[in-house]
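Work through the exercises below with the sequence and the model at hand. Each task is followed by a worked solution.

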Amino acid sequence: MSKKPLLIAHAEDPDGIIARALKMRHFSMGVNYPESNIFVRYDRIVEAFEQAAQLVGQHDSVYISDVSLNQKLINAGGHDFTLLERLVSGKESFWFDHHEGTKSNEKKLAELGIKVIYDAHQCGALLVAQHFALKDAYERKLAKIAQAHDYKTASSDADNTQIGNELEKVIALANEGLDYGLLLDLSCGLRDEKVFDETWKLRPKWQQYADAFDKRKEAAFQELNDGVEIVKAGNYNVLFGYCSPLLSQKPGAYFLRDNHSRSADLFVCMFKPPVRNH
C-alpha cells in the first residue's frame, strides 16, 4: 500500500481549509485520514509541527499550506530550524504560502529541501490549484473563494467573498472548541462536494453551524465592544480588547479596527480561553 502525503495547513480560515481539500482531491485521499492531517493554529503552531514530526514516518511527502513561518516555529526543537529539519528530512516537501515570514526564510527552507511556492498576492489554495494545474470547475471555484476571502478588495468578486464568509462561520465555531474533528469533516466535505449545494449555499448539515455562529456573534461583538479600553502610550492611542474565542482569529480583531479606527492608532486584541494569546 502506497504512503499518503502529510497535509499541514492553517486551520483558522477558508484558505487553509480549502487548500487542504484541494490536495485531498488531487491525491485521491478518499477516506478520512486523521493521521495524515495536521491543523495549524498560530497559538499552537509548535505543537502542531511536533505532532507532524511524530507522524511523518507514515508518509512519503509533506505539503504545508497557508502557514506563515514565524519565530516560534523557527526556534522550536532547541536550535533554529531543528524541528522543521526533523520533519522534512528525507521527504519530498512543499510549502505554499503568501506570508512574508515564509518568503524571508525561503533560502533556509530550500537548504532543508523544502520547495517554497510563494506569491504575496495569491492565497495558499490558489497556489495549490496552480501548482497542480487543477482544471476541474469545482476545484477552481474553491480556489477563487479562498482568494476572494483572503484579499477582500475586488468588489467584482463579492459573491465568492460572501461564500467564504459563510464558510468562515463554520470554521470559527470549530476553532472555538478546538474541534479538529469537525475541521477534518469539513475538509472532507469540501473534497467530496458535499458542503455547498448547486447554488453555492451551505447544505443543511453545515448551515446549522453557520446559524449557530450568527445567533451568538452579536453578543460576542457587543461584549468585545463594551470592554474596550484605550490608553495613551507616548504619541499613540493604544486600544485593548478582550475577545470571545468565537471571533478568533480575524473577526474580533477586524471588528476593533473597523469600529475604532478614529479613536486608536494601535490595536491589541486579547482572546479568552482556550485561545493562547501570542
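**Exercise 1. Determine how much area the protein chain exposes and what share of it carbon and sulfur atoms supply.**

Solution. The protein chain exposes about 13000 Å², with accessible areas taken from the Shrake-Rupley method with a 1.4 Å probe. Carbon and sulfur atoms supply 49% of that area.

The model is predicted: local features need pLDDT of at least 70, side-chain atom pairs count only at pLDDT 80 or more, and totals for chains, interfaces and linings use all residues. Residues are numbered from 1 along each chain as its sequence is written, and side-chain values use heavy atoms, with hydrogens and water left out.

**Exercise 2. Describe the secondary structure and the overall dimensions of the protein chain.**

Solution. Start with the DSSP runs (helices: H or I, at least four residues; strands: E, at least two; numbered from the N terminus). They come to 12 helices and eight strands. Next, compare the radius of gyration, taken over C-alpha atoms, with the globule rule, 2.2 Å times the number of residues to the power 0.38. The radius is 19 Å, close to the 19 Å from the rule for 278 residues, so the chain is as compact as a globular protein of that length. Finally, along the principal axes the C-alpha atoms fill a box of roughly 55 × 50 × 35 Å.

**Exercise 3. Identify the residues that touch the most other members of the largest nonpolar core.**

Solution. A nonpolar core is a set of buried Ala, Val, Leu, Ile, Met, Phe, Trp, Tyr and Cys residues joined through side-chain atoms within 4.5 Å; buried means under 20% relative accessible area, exposed over 50%, partly exposed in between (1.4 Å probe, protein chains only). The largest core has 44 residues, and Ile18, Leu22, Leu186 and Leu190 touch the most other members. Elements that each supply at least two residues of this core include α1 (14-26), β4 (92-97) and α11 (204-226). A second, separate core of 30 residues includes Ile8, Val40, Leu84 and Val116.

**Exercise 4. Locate the residues with positive phi in the loop between α10 and α11.**

Solution. Most residues other than glycine have a negative phi, and most peptide bonds are trans. In this loop lies Glu193, whose phi is near 60°. Glu193 is partly exposed, at 37% relative accessibility. Trp200 lies in the loop between α10 and α11 too, and has a phi of about 65°.

**Exercise 5. Find where the cis peptide bond to Pro274 lies.**

Solution. The bond runs from Pro273 to Pro274, with omega near 10°. Pro274 is in the segment after β8 (266-271).
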